[in-house]
Amino acid sequence: MSESKEIYFPNREFAKQARIKNMCEYDELMSWAKEDYEGFWAHWADEKIDWFEPYTKVLDESDAPFYRWFTGGKLNVSYQCIDRHLETRKNKAAIIFEGDRGDKQIVTYQQLHKNVNRFANLLKNRFGVKKGDRVVLYMPMIPEAAYAMLACARIGAIHSVVFGGFSAEALRDRIIDAEAKVVITADGAFRKDKPYMLKPVVDTALEEGCDCVEKVLVVQRNNEDVVWIEGRDYSYNELIEAESDVCDPEPMDSEDPLFLLYTSGSTGKPKGVQHSQAGYILWAQMTMEWVFDVKENDTYWCTADIGWITGHTYIVYGPLAMGATTVMFEGVPTYPDAGRAWKMVQEYGINQFYTAPTAIRVLHKMGENEPEKYDLSSLKVLGTVGEPIDPPAWKWYYEKIGGGRCAIVDTWWQTETGGHMISPLPGATPIKPACATFPLPGIMAEVIERDGTPAEPGEQGLLCITKPWPSMIRTIWGDPERFEKSYFGDAKKDGKPVYFSGDGAIVDEDGYITITGRVDDVINVSGHRMGTAEIEAAIKKHPHVAEVAVVGKPDEIKGESIFAYIVLKNADDTFGEEAELAKEINQVIAKEIGNIAKCDTIKVVPGLPKTRSGKVMRRILRAIAKGEEIKQDISTLEDPGIVAKIQTCVIG
Ligand code: WT7
C-alpha cells in the first residue's frame, strides 16, 4: 500500500481555531482518560449535559457487560437538544430542509420547540403514549421525522425508526419485536421528482400479528391518496394545530432507553440495538464538536437517512444537542444531476459535509469535474462513514470537493457504538488517505487477538473496544443473552470479556488503524449493513430453493455486491432460464427484506462446499465469486470435487 505512506497535515489556519489543535492536545486528552477514566467522563458530562438532577455514579460495572453510566442522574434529551438553546439561539436555524423538488423550509429553534411540543402532546394526550412505550417511525426525510423522534424523547417514549427502504414484512417483524403501540408514517414522499409511497407498506405490515399497534399517525407529504382505516389512522396535519405547544419534558433516568434501532447480525433475526439517554447524547454532542468542529455560525450537512444510526446521531441528536444548524435533504445527490449536492453546498454555504464512500464514488464517476461549476469554498471539514473508502475516491474528495484545504474525517463506528469511535481530528491528525487513524480521546479501541495480545503491526486483528464507553449499546431489546454473546463472547483482555465490533483492522508501524472490514457473516453494500443469514432466510422462502449461501463480492462502486449460490430442490428443475429464477428470487427478497437486499448475482450450483460437520465454507465461496484461484486446503470438505463444479457454474 504505497498510498498509505503519504501524509496530509491539517490546514494550519483551520487548526488554529479548532477545538483540538494538535496531536499534543490529543495525547493529553488520551492520557487523562487513561489515567482517570471516570474523572475524564465526569468532566465532560458535567460540562455538556444540562442535568435536571445530578448523577451519583459515573460508571457502574457491577453487572458487566451491562454497563451503566451516570446513574442517578436525570435529564431529558429533547430539552438538551432544544429548550436549553432558546435563550441564545431562538431564531437560529435548527433544521434547513430541502425537498427532492427543491422546496425549502427553515425551522428555527423556537419553531422546533413548538413543533416538538405539539407533537409530544399529540402522542401523549391523544394517543395515550406513556414513558417506556415503543413508537415505530417509518418516515421519509422530512422535518416531521425529526419532530417525531424528539417528541418521543420529550415524553420518554422509545422510538424505533425503520428505514423507508425496508419492506412490509421487515417492518412488521420490527413492530412485533418492539411491541410498538403507535406507528408514525407519511403518505409517502418524493424521489427523483416522482411520488413514492410509505403508508400502503404500513397497511400491509399491520395486516398480521401487530395487535400491539393501536394507532397510526400519517403525515401528509406527497398528497397521494391513501387507504384510511377508521379508528386506527389519524392525520397529523389535521390534529396537530389543536395541540398546545407547551409540553413539559419528562425527567428521564440516565439509563432509560432512548431508542431502539434494528440492525443486522450474523444470525437471521435483526437485533434491536438499545441506546441510553445520557451516555448517548453526551457522546453525540462531543463527537460533533471534536470530529466536525462545528462552530456557532456553521451550517452542517449529513446526507444519511434517519433510518440509520448516522441519521440519528449526526442529523438529529448530535447537531441539535450542540445547537448547530443541520441540513436535511429528502432527495438523492444524483438528481436532477450529479451537481445537486454541490449546488446545495454553494447555496447554503455548507461548512461540514458528511457522506458515504459509495456516494462519493458515484458522484466522482458521474462527473469528475462537475464540482468545479460550484463555489465550494465554504467547506471546512469533509466526512465519510459506513464503509472503507478507497484511495482514488479519497483523493477526488480531497482535491475536487475539499480543494486540498479540508481535512477528511474517515469516521469508523457502528450502530452499536452510538457515535464515532476512530477518526481523524480535523485540526490535529496527520491523515493517511483511506485510514480511520486513531481512536477518539476516551475511546480505548485496540486491535488484538482473541486472548487480548496486541496484533503485530501490519497484521490483521480483531477491532475491539476494551473499556466501556458512554454511548455504547446497552442491550439487544428483549434478548440480553444475545447481546452478551454477540459482542462480549469473542475476545478477552486481562481475562475480562471486551467488546468486539465484528470488524478486522490493521495497525501500522505508526499506530494508524486501517479498517479491513467485517470478519463475521455480515456484508456491507453501499454502506448498508446486511446479514447474509437474513438474506439466506428470505431466499429459502422460494419454493424451489433447497439450500443457499450468500457472500459479499468486492464492487467498484458499492464496496460489496451480494452474490448468492443456490441449490435447487429438484436438480432437474432448470426453471427455464437462470435469469427467470434470479428475478423471482429477488422478488422474494424485495418482499421479505426490501430492495436494498436484492442480489446482484445469483448462481445455481449442484451443492455447497461443506465440511464433514456440515458447515458451509464461505471463504471458498467468496474466493470463487471474486474469480480467484482456490489456494486454501479443501481436503476437509465432505466432497472436495464440489469446488470445481461450482467454479464451472459461476464461470459458465
Ligand atoms: C459497520 C457498521 C457507522 C454508521 C454507518 C454504518 C463499517 C463503518 C467505517 C469506516 C470502514 C466502516 C464497519 C462497521 N464501517 N464506518 N469509516 N471505514 N468501515 O453503521 O450499519 O452499524 O455498520 O460499517 O464494517 O462494523 P452500521
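Which residue places a polar side-chain atom 2.5 Å from an oxygen atom of the ligand? The tour begins there, in a model that is predicted.

**Stop 1: the ligand**

Select the ligand and then Asp503, for the polar side-chain atom in question belongs to Asp503. Add Arg518 next: one of its polar side-chain atoms lies 2.8 Å from an oxygen atom of the ligand. The ligand also approaches the backbone, as one of its nitrogen atoms is 3.4 Å from a polar backbone atom of Glu387. On its own the ligand has 550 Å² of accessible area, and the protein covers 96% of it.

Now widen the selection to the shell around the ligand, which comprises 17 residues. The nearest of them are Asp410, Thr411, Thr415, Asp503 and Arg529. Colouring the shell by class gives 6 nonpolar, 6 polar and 5 charged residues. To see where parts of the shell come from, display helix H12 (309–321), strand S20 (407–411) and strand S26 (513–518); each of these elements supplies at least two shell residues.

**Stop 2: the cavity**

Leave the ligand and select Val161, Val162, Phe163, Phe166, Arg174, Leu261, Tyr262, Gly307 and Trp308, which line the largest cavity. How much space lies in the largest cavity? The volume is about 30 Å³. The structure holds 1 cavity of 30 Å³ or more. By class, the lining has 7 nonpolar residues, 1 polar residue and 1 charged residue.

**Stop 3: the loop between S11 and S12**

Proceed to the loop between strand S11 (215–219) and strand S12 (233–235), and select Arg232 within it. Is Arg232 buried or exposed? Its relative accessible area is 13%, and Arg232 therefore counts as buried, the cut-off being under 20%. Show the side chains around Arg232. One polar contact, at 2.7 Å, runs from the side chain of Arg232 to the side chain of Asp203. Another, also given as 2.7 Å, joins the side chain of Arg232 to that of Asp233.

Asn223 is found in the loop between S11 and S12 as well. Here the backbone deserves attention: Asn223 is not a glycine, yet its phi is positive, at about 60°. With a relative accessible area of 54%, Asn223 is exposed.

**Stop 4: a second positive phi**

Select Asp293, in the loop between helix H11 (278–292) and strand S16 (299–302). Asp293 is another residue other than glycine with a positive phi, in this case near 50°. Most residues other than glycine have a negative phi, and most peptide bonds are trans. In contrast to the exposed Asn223, Asp293 is buried, with a relative accessible area of 1%.

**Stop 5: two cis peptide bonds**

Select Ala64 and Pro65, which are joined by a cis peptide bond with omega of about 5°. Pro65 lies in the loop between strand S1 (57–60) and strand S2 (68–71). Then move to Tyr335 and Pro336, where the peptide bond is again cis and omega is near 0°. Pro336 also has a loop setting, between strand S17 (325–329) and helix H13 (340–348).

**Stop 6: helix H13**

Continue along the chain from Pro336 into H13, the helix that follows its loop. Which residues of H13 are buried? They are Arg340, Ala341, Trp342, Met344, Val345 and Tyr348. An α-helix has 3.6 residues a turn, so residues three or four places apart point the same way. Viewing down the helix axis is a convenient way to inspect the buried set, which includes Ala341, Val345 and Tyr348. Just after H13, select Gly349, whose phi is positive at about 65°.

**Stop 7: two threonines in strands**

Select Thr185, placed in strand S8 (residues 182–186). Thr185 counts as buried, at 0% relative accessibility. Its side chain reaches the backbone oxygen of Tyr138 at 2.8 Å.

The last selection is Thr108, in strand S5 (residues 104–108). Thr108 is buried too, with a relative accessible area of 12%. To finish, draw a C-alpha to C-alpha distance from Thr108 to Thr429: the two residues are 34 Å apart in space and 321 residues apart in sequence.

Methods. Residues numbered from 1 in each chain as written. Predicted model: local features only at pLDDT ≥ 70, side-chain atom pairs only at ≥ 80, totals over all residues. Heavy atoms only, no water. Near = heavy atom within 4 Å. Polar contact = N/O pair within 3.5 Å; in protein donor to acceptor, adjacent residues only side chain to side chain. Areas by Shrake-Rupley, 256 points an atom, 1.4 Å probe, with all protein chains shown as cover. Helix = DSSP H or I, 4+ residues; strand = E, 2+ residues; numbered from the N terminus. Nonpolar A, V, L, I, M, F, W, Y, C, P; charged D, E, K, R; others polar. 1 Å grid on protein atoms, 1.4 Å probe; cavity = no way out; pocket = protein on both sides within 12 Å on 5 of 7 lines; lining within 4 Å. Points joined across faces, edges and corners; volume = space filled by probe spheres on them. Buried < 20%, exposed > 50% of the residue type's maximum accessible area, 1.4 Å probe, protein only.
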